[in-house]
Amino acid sequence: MTRCTQILLVIILLSSSVLIAQNEIKGVVMDAEFDEPLMSVTIQVDSSNKGTSTSFDGTYSLSLPTGKTMLTFSYIGLESQVVTIDVQQGGQTLDTIYM
């Protein structure tokens with residue numbers, strides 16, 4: 001492989017990784033009745049097997065591609081909530097979710 005071909009290959013690989021870059025989404029889930037953080041809420045990205053759950057302080061983070069995405073928040077004994085977001089380049093912090 002010539003030097004020029006190697007450089008071209010590296011440029012293509014680097015530019016493709018930028019195009020599929022993930023953006024970190026952060027947020028907090030709270031109990032609507034007691035205004036306290038909810039631990040172990042499941043956050044599922046619709047139409048995928050990607051998801052996460054909240055930590056002890058109700059916080060979560062999730063890496064998602066840019067564009068519209070639906071997130072489903074579920075907790076045992078509470079009604080699930082579906083939120084549609086438009087993921088921005090570089091990530092974002094979502095409004096607090098009350099369940």
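Among contacts between residues at least 6 apart in sequence, 50% join residues at least 24 apart. That figure comes from a predicted model. The protein has 99 residues, and 25% of them count as buried. Its secondary structure comes to 1 helix and 8 strands. Read along the sequence, the helix comes at the start of the pattern and the strands follow: α-β-β-β-β-β-β-β-β. The protein exposes about 6700 Å². Carbon and sulfur atoms supply 58% of that area.

Start with the strand pairings. β1 and β4 pair in the antiparallel sense, over 6 bridges. Within β4, Y60 stands opposite G27. β5 and β6 also pair in the antiparallel sense, here over 8 bridges. M70 has T84 of β6 as its bridge partner. β5 and β6 form a hairpin, with 2 residues between the strands. G77 sits in the turn and has a positive phi of about 90°.

Now look along β4. Which of its side chains are buried, and which are not? Y60, L62 and L64 point to one face and are buried. T59, S61 and S63 point to the other face and are not buried. The general rule is that side chains in a regular strand alternate between the two faces of the sheet.

The buried side leads to the core. The largest nonpolar core holds 16 residues. V29, L64, L71, F73, I85 and M99 touch the most other members. Five elements are listed as giving two or more residues to this core: β1 (23-30), β2 (42-45), β4 (59-64), β5 (67-75) and β6 (78-87). The largest share, 3 residues, comes from β4. In soluble globular proteins, nonpolar side chains tend to be buried together.

L71 gives a view of the surroundings from inside this core. Leaving out residues up to four places away in sequence, L71 touches I43, Q44 and V45, together with L62 and L64. The list for L71 goes on with Q81, V82, V83, I85 and L94. Two of the neighbours named here, L62 and L64, belong to the buried face of β4.

One residue along, T72 lies in strand β5. Is T72 buried or exposed? T72 counts as buried because its relative accessible area is 15%, and the cut-off for buried is under 20%. The side chain of T72 makes a polar contact with the side chain of D46, at 2.9 Å. Beyond residues up to four places away in sequence, T72 touches T42, I43, Q44 and D46 on one stretch of the chain, and S80, Q81 and V82 on another.

Q44 touches both L71 and T72. Q44 is found in strand β2. Q44 and L71 are 27 residues apart in sequence, yet their C-alpha atoms are 5.6 Å apart in space. Other residues that Q44 touches include N49, K50, G51 and M70. A polar atom of the Q44 side chain lies 2.9 Å from the backbone oxygen of S48. Q44 is partly exposed, with a relative accessible area of 30%.

Turn next to the loop between β1 and β2, where P37 has its place. Which residues does P37 touch, not counting residues up to four places away in sequence? They are V29, M30, F56, D57 and G58. V29 is also among the core residues that touch the most other members. The C-alpha atoms of P37 and T59 are separated by 8.0 Å, although the two residues are 22 apart along the chain. P37 counts as partly exposed because its relative accessible area is 39%, a value between the limits of 20% and 50%.

Finish with charge. How many salt bridges does the protein have? The count comes to 1. E24 forms this salt bridge with K26, and the closest N and O atoms are 4.0 Å apart. Side chains of opposite charge can pair when their charged atoms come close. Both partners are partly exposed: E24 has a relative accessible area of 38%, and K26 has one of 41%.

Terms used:
Residues are numbered from 1 along each chain as its sequence is written. This is a predicted model: local features need pLDDT of at least 70, side-chain atom pairs count only at pLDDT 80 or more; totals for chains, interfaces and linings use all residues. Side-chain values use heavy atoms; hydrogens and water are left out. A nonpolar core is a set of buried Ala, Val, Leu, Ile, Met, Phe, Trp, Tyr and Cys residues joined through side-chain atoms within 4.5 Å. Buried means under 20% relative accessible area, exposed over 50%, partly exposed in between (1.4 Å probe, protein chains only). Helices (H or I, at least four residues) and strands (E, at least two) are DSSP runs, numbered from the N terminus. Contact means heavy atoms within 4.5 Å. A polar contact is a pair of N or O atoms within 3.5 Å; within protein, one must be able to donate a hydrogen and the other to accept it, and residues adjacent in sequence count only if both atoms are side-chain atoms. Accessible areas come from the Shrake-Rupley method with a 1.4 Å probe; for residues, only the protein chains shown count as cover. Two strands pair if DSSP finds at least two bridges between them. A salt bridge is a side-chain nitrogen of Lys or Arg within 4 Å of a carboxyl oxygen of Asp or Glu.
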